[in-house]
Every structure is written in C-alpha cells, then in structure tokens.
Amino acid sequence: MKSSRTLGLVMIAPAAIMIVLFFLMPVVLTAVFSMTNMTTATGISGGVYQIAPNSLIALKSAMPDIAAEMAEPRYTIDDAGLKAVEGLGLAPGIAAELRAKHTGEVFPTRRDVERMIKDLAERPSTREVKQISEQFNRSVLNTRFDSKEQLFSALDSLGFKLTPEQKETVARVTYTGWTWTTDNFSRMATSPDMARVLFNTVLYVALVLMLFNVGYALLLAILTHYMPPTPASIFRGIWLLPRITPVVIYVMLWKWLAWDSGFISILMGKFGYPPKNYLLDNAYNAWLFVVLINGFIGASMGMLVFSSAMKAIPKSQFYASEVDGASRWQQIRYIILPQMRWPILFVTCYQTLSLLASFNEILLATNGGPGNATEVWALSAYHTALRNYAGNLEYGLGAAMALVLVVIGVMLSLLYLRVFSYGTLVAKPLIED
C-alpha cells in the first residue's frame, strides 16, 4: 500500500511541477508586478535620483516655492570654482580674496554674486566679473544622484534648507526607479477609460458566449446528431476549419471580406455603393465582425463537446420516445437538454475564461478600433504593458489589469458552479448497483 502511494506521487509529480511553473508562478509574478509602478521610464532595476523638468512639475503642487528655486541656478563659492578662477589668468589677488573671505557662501542669483565680485579689492572689469561668476554657477537640475544622501548633500551645499518631510517629498518625486504601490488599482477604479474597456469586455464575452460558443454550438451539435454519420462527420470537420486555421490567415480572410477592396465592397459596388472598409467603418460594424470572427472559432469546440455528450445518451431513450410518438422537438426538450447540464457547464466555464484572456483575433482584426470601440480588457492590458503609441510601457498597471482578469475568472467559475448546481451533478446516484 505504501509503495503504491509512493508510486502515485512519483507519477503525479511532473504534472504538479508543470502546474506550479506554468500556472501558479505566472499568477504570483503578475500579482507581485501589479504592486509596483514599474514602467519603461523606471526600468526593472534600481533607479537614481534626478531633479528633471517633469519632477519639478510634480513638485510644484507640494512645494511651489522650493520647486521654483530648484529650477534656477545658484552660485556657490567652492574649491572647484576657485581653481577654475585661478586658471583664467586674472590678477592673483582675486582668487586669494575669494578663498579667504567668501569660501562656502551661496548666492541665490547671478546679480548677487556679481555685486560681491565687483566689490573685491582688485576691482575686476565687467567682462572679468562675468567670467568669474560663471565659474561658480551650480545647479541640481538634471544631475543624477545614486542615493538620497547624495541628493540631500547637494541641496544643502546650494543653501536649500529643507525639513525632513520636505526632503522625503523631494526624494519621492525625483526617484527614477520603481517603487511598491497600490496606485494601479486606484487608477483602474477611477479611470473612465477603464470603465469603457470593462463594458466592452462584458459585451464581448456575453455576445460571443451566448450566441456562438454555447447557443450556436448546441444547435450545430443537435443538427449533426440527427444527420447520417458520414455527412455529420464531414459537416463537423468543415466547422473545425476556423479553429485549426492559423489565426493570422483566418483573420486575413475576414479582412479580405471586409476591406474597401474586398468581397463585400465589390458586391455592393454592383448596386452603386462606394467601396469602404466595413471592418473599421464604424463601431457597430467592427463589433459585428469581432463577434463573428471569434464566434466561429468558439462554436467548433462547443459543437464537438456537445456532440460527444449526445452520443453518450443511450439510444434506447430515443427509440422509446419514438414509440411513444415524440417529435424531434420533444426529444430535444425532454431527453437531450436535461442531460446537457454538465457539458454546458464545462463549455461555459472554459469559454468564458478563454474569451476573457484572448485578444489575438481582435488585435489582428481591429486592434481595438475604431477609436477603442472594440478594446477589451485583455487587449488593453497588452497595449498598456507591452505595446502602445506613447512609448512608455506601464508594466505594473498592465500586470494589475491581468490580475483583475484572474480574479474575475475565478469568481465567474464559482458562480457557474453554483448556477448549474455542481453539487447535484457530482452527487452519488440514489440507486447503487
């Protein structure tokens, strides 16, 4: 008994490893990335502290006066500037007097430092004053600092007297790396664009699922159930073509149908209508094609599952119903549909999760257009994290959007189990052999 249990664990170990590596780990990593503000700008490694123009804009809302001062240069009498003055070839007393009397002084404006230089004993000319003052020009703007301590030291050397709270604000705004945050979820909850994308996703999943993946698939399965075996097999094989055809070729066929030089435009041109791109002409046409493109793919799988389930129904039930004078509709209503609960549950759950996560067909057909009218959640997450027109890819926000899909998928699966009475489906039979 013990050896059998060990053998069972050994046999199931590869499957368990695959589940952990290819299912659990991606979900965990997605959850981790969703709690960061990681973007192309921040990179995926540690950042530096840099007072750039964009950080000054952000700093103005919290400390407008200090932000304005940081945007302007200051003039500090330091050793580097004094050595530069000595190298100008001016009167030697100028550098000596500056070193003796003014070392460490900070002047907020160029006018202040030039007034001080003019009062030196050597009385430098106006041209020399400007040369000397330029050697002490100091600014933290666009300077990179590896740590907060270096940033604070540079600010102190330029005469910025900041409180600890102000220093932390400056450090937070000027940090170019990623940080831990929950702002991604706040952005999703408050963004009107996200609300529109969510509505598109609900519409997309509901239409494709009800009309094709379950409804039309069930209709095809019933039709082929009453057909002779050979024509039924051929018919099912034809309906499998959308699923087994490479998605790029499959979508290209639809584009050829809908383009302004495609079949529909050629046909409508015979009746005097000008050619146009029916796929992207307006949102209604785009949605029609999106539903059709994805629906024909999903219907084939549901058809196979439902057909297999119908073949498992004992033929004696159909023979008995025919003897009792039952019509085809009565057989469907009282024999087939009551025994389809389990297959319908499986197809509904599987196809819901598939539709929530799939975006290949929409990406190739409309890319979310026209005007983001067909942008669904998974496609929006892809655009946000991996490809967008702005160029700044937001990895953290994209991961948060993907994590929301995982949560929605789990919740819908539990809901389906409740609606279809999963406990009843797996309950022990009332009569045991």
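## Two annotated spans

The end C-alpha atoms of residues 395-417 sit 33 Å apart, and the span is 100% helix with 0% strand. This is a predicted model, so keep that in mind throughout. The stretch is one of those that UniProt, in an unreviewed entry, lists as "transmembrane region"; the record gives 7-33, 202-226, 247-266, 286-306, 342-359 and 395-417.

Residues 286-306, another entry in that record, also come out as 100% helix and 0% strand, with end C-alpha atoms 30 Å apart.

## A closer look at H22

Helix H22 covers residues 395-419. Its 25 residues should span 36 Å at 1.5 Å a residue, and its end C-alpha atoms are indeed 36 Å apart, so the two values agree.

Quite a few of its residues are buried: Gly396, Leu397, Gly398, Ala399, Ala400, Met401, Leu403, Leu405, Gly409, Ser413 and Tyr416. After H22 comes serine 421, with a positive phi near 55°.

## The chain as a whole

The chain holds 23 helices and 5 strands. Its radius of gyration is 35 Å, whereas the globule rule gives 22 Å for 433 residues, so the chain is more spread out than a compact globule. Measuring tape aside, the C-alpha trace spans about 125 × 80 × 35 Å along its principal axes.

Of the 433 residues, 38% count as buried. The chain exposes about 25,000 Å², and carbon and sulfur atoms supply 65% of that area. As for contacts with a separation of 6 or more, 72% of them join residues 24 or more positions apart.

## Nonpolar cores

The largest nonpolar core has 46 residues, and the members touching the most others are Tyr204, Phe306, Met310 and Met340. Helices H11 (192-225), H16 (283-311), H18 (328-336), H19 (341-357), H20 (360-365), H21 (377-385) and H22 (395-419) each give two or more residues to this core. H11 gives the most, with 12 residues. A separate core of 20 residues lies apart from this one; Leu59, Val140, Leu151 and Val170 are among its members.

Back in the largest core, what does phenylalanine 306 touch, once residues up to four places away in sequence are set aside? The list runs to Asn213, Val214, Ala217, Leu218, Ala221, Met340, Pro343, Ile344 and Val347. Met340 is also one of the core members that touch the most others.

## A buried lysine

Lysine 255 belongs to helix H14, residues 247-258. Is this lysine buried or exposed? Its relative accessibility is 17%, so it counts as buried, the cut-off being under 20%.

Leaving aside neighbours within four places in sequence, lysine 255 is in contact with Leu279, Leu364 and Ala365. Alanine 365 is 110 residues away in sequence, yet the C-alpha to C-alpha distance from lysine 255 is 7.0 Å.

## Backbone oddities in the loops

The loop between H20 and H21 is worth a look. Asparagine 367 is found there, with a positive phi of about 55° although it is not a glycine. At 25% relative accessibility, asparagine 367 counts as partly exposed. Proline 370 lies in that loop too, and the peptide bond leading to it from glycine 369 is cis, with omega near -5°.

Arginine 123 is another non-glycine residue with a positive phi, here near 50°. It is placed in the loop between helix H6 (110-118) and helix H7 (126-134). With a relative accessibility of 59%, arginine 123 counts as exposed.

Terms used: Residues are numbered from 1 along each chain as its sequence is written. This is a predicted model: local features need pLDDT of at least 70, side-chain atom pairs count only at pLDDT 80 or more; totals for chains, interfaces and linings use all residues. Side-chain values use heavy atoms; hydrogens and water are left out. UniProt positions are given in the numbering used here, feature names are shortened, and annotations may be inferred rather than shown by experiment. Helices (H or I, at least four residues) and strands (E, at least two) are DSSP runs, numbered from the N terminus. A nonpolar core is a set of buried Ala, Val, Leu, Ile, Met, Phe, Trp, Tyr and Cys residues joined through side-chain atoms within 4.5 Å. Buried means under 20% relative accessible area, exposed over 50%, partly exposed in between (1.4 Å probe, protein chains only). Contact means heavy atoms within 4.5 Å. The radius of gyration is taken over C-alpha atoms; the globule rule is 2.2 Å times the number of residues to the power 0.38. Accessible areas come from the Shrake-Rupley method with a 1.4 Å probe; for residues, only the protein chains shown count as cover. The expected span of a helix is 1.5 Å times one less than its number of residues.
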